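Please take a moment with the sequence and the model below, and then follow the explanation one region at a time.

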Amino acid sequence: MAVQQRRNSKTRKAKRRTHYKLAAPTLVKCPSCGEYKLAHKMCACGEYKGQTIVEK
């Protein structure tokens with residue numbers, strides 16, 4: 001089993017973790033109402049792929 005020989009500094013740990021970040025969600029504009037929504041999800045207006053799924 002590998003055993004650490006010396007302690008890593010805070011800076012070295014921070015440099016390793018620079019890529020551990022959240023990605024912003026991809027938002028697309030609804031063609032019918034113009035509201036931003038998540039891709040491949042139904043819009044708040046009740047439409048998905050140009051079809052009305054839920055009547056309001």
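A residue is called buried when its relative accessible area is under 20%, exposed when that area is over 50%, and partly exposed in between. With this cut-off in mind, we can turn to Gly46, which counts as buried because its relative accessibility is 2%. Gly46 has its place in the loop between β2, which covers residues 36–38, and β3, which covers residues 47–48. Leaving out residues up to four places away in sequence, Gly46 touches Gln51, Thr52, Ile53 and Val54. Gly46 can also be located relative to Cys33, for the two are 13 residues apart in sequence, while their C-alpha atoms are 9.9 Å apart in space.

Before going further, it helps to know how much confidence the predictor has in what is shown. The model is predicted, and the mean pLDDT of the protein is 91, with 100% of its residues reaching 70 or more. Confidence is highest in helix α1, residues 10–16, where it is 96, and lowest in strand β4, residues 51–52, where the mean is 86.

The loop that holds Gly46 can be followed through other residues as well. Ala44 is found in this loop between β2 and β3, and Ala44 counts as partly exposed because its relative accessible area is 45%. When neighbours within four places in sequence are set aside, Ala44 is in contact with Glu35 and Lys56. Ser9, by comparison, is 35 residues away from Ala44 along the chain, and the C-alpha atoms of these two residues are separated by 48 Å.

His40 also has its place in the loop between β2 and β3, and with a relative accessible area of 68% it is exposed. The backbone of His40 deserves attention too, since its phi angle is near 65 degrees, a positive value in a residue other than glycine. A positive phi is likewise found in Lys49, another residue that is not glycine, where the angle is near 55 degrees. Lys49 is placed in the loop between β3 and β4, and with a relative accessible area of 72% it is exposed.

Now consider the cysteines: how many disulfides does a search of the whole structure find? The search finds 0 disulfides, and the distances between sulfur atoms help to explain this result. A disulfide requires a pair of cysteine sulfur atoms within 2.5 Å. For Cys33, the closest cysteine sulfur is the one in Cys43, and because it lies 3.5 Å away, it is too far for a bond. For Cys45, the closest cysteine sulfur is also in Cys43, and at 3.7 Å this one, too, is too far for a bond. As for their accessibility, Cys33 counts as partly exposed at 39%, and Cys45 counts as partly exposed at 25%.

Finally, we can look at the surface, where Leu27, Tyr36 and Leu38 make a nonpolar patch of about 320 Å². Leu27, one of the residues in this patch, lies in strand β1, which covers residues 27–29. With a relative accessibility of 48%, Leu27 counts as partly exposed, whereas Gly46, where this explanation began, counts as buried at 2%.

Terms used
Residues are numbered from 1 along each chain as its sequence is written. This is a predicted model: local features need pLDDT of at least 70, side-chain atom pairs count only at pLDDT 80 or more; totals for chains, interfaces and linings use all residues. Side-chain values use heavy atoms; hydrogens and water are left out. Buried means under 20% relative accessible area, exposed over 50%, partly exposed in between (1.4 Å probe, protein chains only). Patches are made of residues with over 30% relative accessible area and no salt bridge: like charges are joined within 9 Å, nonpolar side chains (Val, Leu, Ile, Met, Phe, Trp, Tyr) within 5 Å. Accessible areas come from the Shrake-Rupley method with a 1.4 Å probe; for residues, only the protein chains shown count as cover. A salt bridge is a side-chain nitrogen of Lys or Arg within 4 Å of a carboxyl oxygen of Asp or Glu. Helices (H or I, at least four residues) and strands (E, at least two) are DSSP runs, numbered from the N terminus. Contact means heavy atoms within 4.5 Å. pLDDT is the predictor's confidence in each residue, from 0 to 100.
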